[in-house]
Amino acid sequence: MKYILVTGGVISGIGKGIIASSVGTILKSCGLHVTAIKIDPYINIDAGTFSPYEHGEVFVLDDGGEVDLDLGNYERFLDIRLTKDNNLTTGKIYQSVITKERRGDYLGKTVQVVPHITDAIQEWVMHQAKVSVDDDGVEPQVCVIELGGTVGDIESMPFIEAFRQFQFKVKRENFCNIHVSLVPQPSTTGEQKTKPTQNSVRELRGLGLSPDLIVCRCSTPLDTAVKEKISMFCHVEPEQVICIHDVSSIYRVPLLLEDQGMVEYFCRRLDLPIEMRPRRMLTKWKEMSDRSDRLLEHTSIALVGKYTKFSDSYASVIKALEHSALAINHKLEVKYIDSADLEQSTQEEEPVKYHEAWQKLCSADGVLVPGGFGVRGTEGKIQAINWARKQKKPFLGVCLGMQLAVCEFARNTLGWQDANSTEFDPETKHPVVIDMPEHNPGQMGGTMRLGKRRTIFKSNSSILKKLYGDAEHVEERHRHRFEVNPELKHHFEKKGLHFVGQDTEGQRMEVIELEDHAYFVGVQYHPEFTSRPIKPSPPYFGLLLAAAGKLQSYLLKGCRLSPRDTYSDRSGNEEITQSVEHT
């Protein structure tokens with residue numbers, strides 16, 4: 001087993017997750033089996049109780065793990081399926097050590113950070129690195145470990161110490177450290193500054209880890225003189241200084257790493273079993289990058305949510321939209337709309353903001369209402385859904401978005417004026433959305449309906465069923481506490497809102513579709529979590545097709561696009577698809 005540790009310096013949010021994913025991608029393209037572990041030094045057990053403004057979205061895994069959004073990057077880049085134990089937090093480590101102490105495993109010993117916490121970290125990493133993440137069940141050969149935060153943070157010290165010991169335990173030829181640092185370029189001088197990187201590397205080396213590769217994040221490519229200066233002051237060869245400048249698409253990052261000889265370096269440094277014969281590597285990434293830069297046609301989607309000030313709050317949603325837009329050869333424009341700005345109260349208090357929000361919504365080609373929690377902004381979302389339904393605009397509601405679509409239909413078509421979710425109005429006379437019987441309101445963490453669940457299609461005429469390739473059932477990831485009230489189902493179906501997808505017992509409403517509408521779809525699950533760059537998620541793919549005016553012709557052609565329209569797995573052009581898959 002080979003271990004590659006990715007650390008970061010100078011600032012957090014520097015792009016360690018994309019670089020760790022890209023390293024895994026170029027190694028996987030060489031035929032190796034790669035897994036990934038994300039370490040978060042916070043004391044929370046998992047990311048499930050975070051506000052999206054803290055760390056961005058909460059990503060959900062097949063096993064129901066609520067984890068950091070970087071695991072979403074790993075899954076999308078490497079096309080793997082991770083588990084909750086691939087996200088390691090200080091909380092999980094301390095919890096496991098304290099449980100052992102209470103059980104008497106350390107009887108007679110003083111339990112300390114060194115060696116007990118550091119040993120637990122190393123054992124966790126070594127155990128999890130062997131768990132298969134591919135469909136073939138093969139044990140991984142390389143484990144990429146990303147250490148969150150910044151070197152020098154007080155909370156990450158036990159992890160740094162654990163890896164200082166770990167490098168000797170697994171031997172030098174099996175352990176490699178990549179340090180990601182910032183090279184700022186002040187606008188006043190335009191000169192690239194190396195001092196922050198020097199200080200960051202000095203601090204890391206003072207803690208016992210000496211970086212093998214220094215990845216410099218910068219706005220423009222590194223000058224040769226700057227590269228040589230970093231090499232001299234940071235105790236590495238010039239070829240061990242890698243430059244990752246700002247690029248048009250994140251799909252270019254693996255190509256940048258490969259162009260700078262990273263594969264050759266790993267072959268030498270870690271003695272990897274890779275044949276270095278000349279060949280085309282990373283074909284699909286190059287093609288995706290080139291195509292995304294060449295796109296001319298635009299499609300705009302209004303994203304109506306409550307966390308729109310921070311785009312990472314909807315990271316997977318944006319990626320799923322991008323994958324689908326790329327598959328139909330359109331450039332995506334996302335119009336972020338704070339749902340509270342669409343409400344009547346905003347019109348009275350801030351009329352300019354209100355009219356700007358409505359102008360954005362009315363000029364969009366499609367409407368997306370993603371998941372969320374809490375009452376703020378829900379009435380604005382219902383207004384947006386009402387507009388999309390009446391104007392016959394393509395609409396996709398995800399999780400809460402689907403529940404609010406049911407509320408909107410109940411109010412404006414069934415005439416139940418107070419119809420609502422019991423999450424927002426426990427006293428409503430028409431509880432169209434209710435909490436699930438097994439939900440435990442006493443404890444917040446990990447008590448939702450989480451992870452991969454099966455949805456069975458109940459109608460052969462369902463648009464979504466066709467988009468899923470006429471599948472009888474699909475398995476998608478869930479994260480919700482509330483559900484559509486199954487006892488009221490017949491009222492909606494009489495008026496044309498059909499529950500075309502249900503759970504295996506037929507009790508949980510999973511998919512809604514509105515008749516006589518080009519694309520009005522709601523899903524209780526989160527399809528964005530399983531979207532991949534060349535395998536777009538069908539509900540999002542349908543939204544983009546409808547927004548671009550291509551859905552009907554796509555369905556008439558048996559769910560195939562013309563070769564010039566796409567290169568994705570949903571393409572009818574097998575030659576293009578095969579060239580994409582040949583990596």
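Let's start with one pair in this predicted model: Glu75 and Arg532 form a salt bridge, with their closest N and O atoms 3.5 Å apart. Glu75 sits in helix α3 (residues 70–78), while Arg532 belongs to the loop between β21 (520–523) and α19 (538–547), so this contact ties together parts that are 457 residues apart in sequence. How buried or exposed are the two partners? Glu75 has 0% relative accessibility and therefore counts as buried. Arg532 is buried as well, with a relative accessible area of 4%.

Now move along the chain to Asp293, which forms a salt bridge with Arg252; here the closest N and O atoms are 2.7 Å apart. This pair also links distant parts of the chain, with Asp293 in helix α11 (residues 283–294) and Arg252 in the loop between β9 (241–245) and α9 (253–259), 41 residues apart. Asp293 counts as partly exposed, because its relative accessibility of 39% falls between the 20% limit for buried and the 50% limit for exposed.

A further stop is the salt bridge of Arg389 with Glu408, whose closest N and O atoms are 2.8 Å apart. Arg389 lies in helix α15 (residues 378–390) and Glu408 in helix α16 (residues 400–412), so the pair ties together parts that are 19 residues apart in sequence. Both Arg389 and Glu408 are buried.

Finally, let's return to Glu75 and Arg532. They belong to one network, joined by salt bridges that share partners, which also includes Asp62, Asp79, Arg81, Lys452, Arg454, Glu475, Arg477 and Lys535. If you search the whole structure, you will find 34 salt bridges.

Notes:
Residues numbered from 1 in each chain as written. Predicted model: local features only at pLDDT ≥ 70, side-chain atom pairs only at ≥ 80, totals over all residues. Heavy atoms only, no water. Salt bridge = Lys/Arg side-chain N within 4 Å of Asp/Glu carboxyl O. Helix = DSSP H or I, 4+ residues; strand = E, 2+ residues; numbered from the N terminus. Buried < 20%, exposed > 50% of the residue type's maximum accessible area, 1.4 Å probe, protein only.
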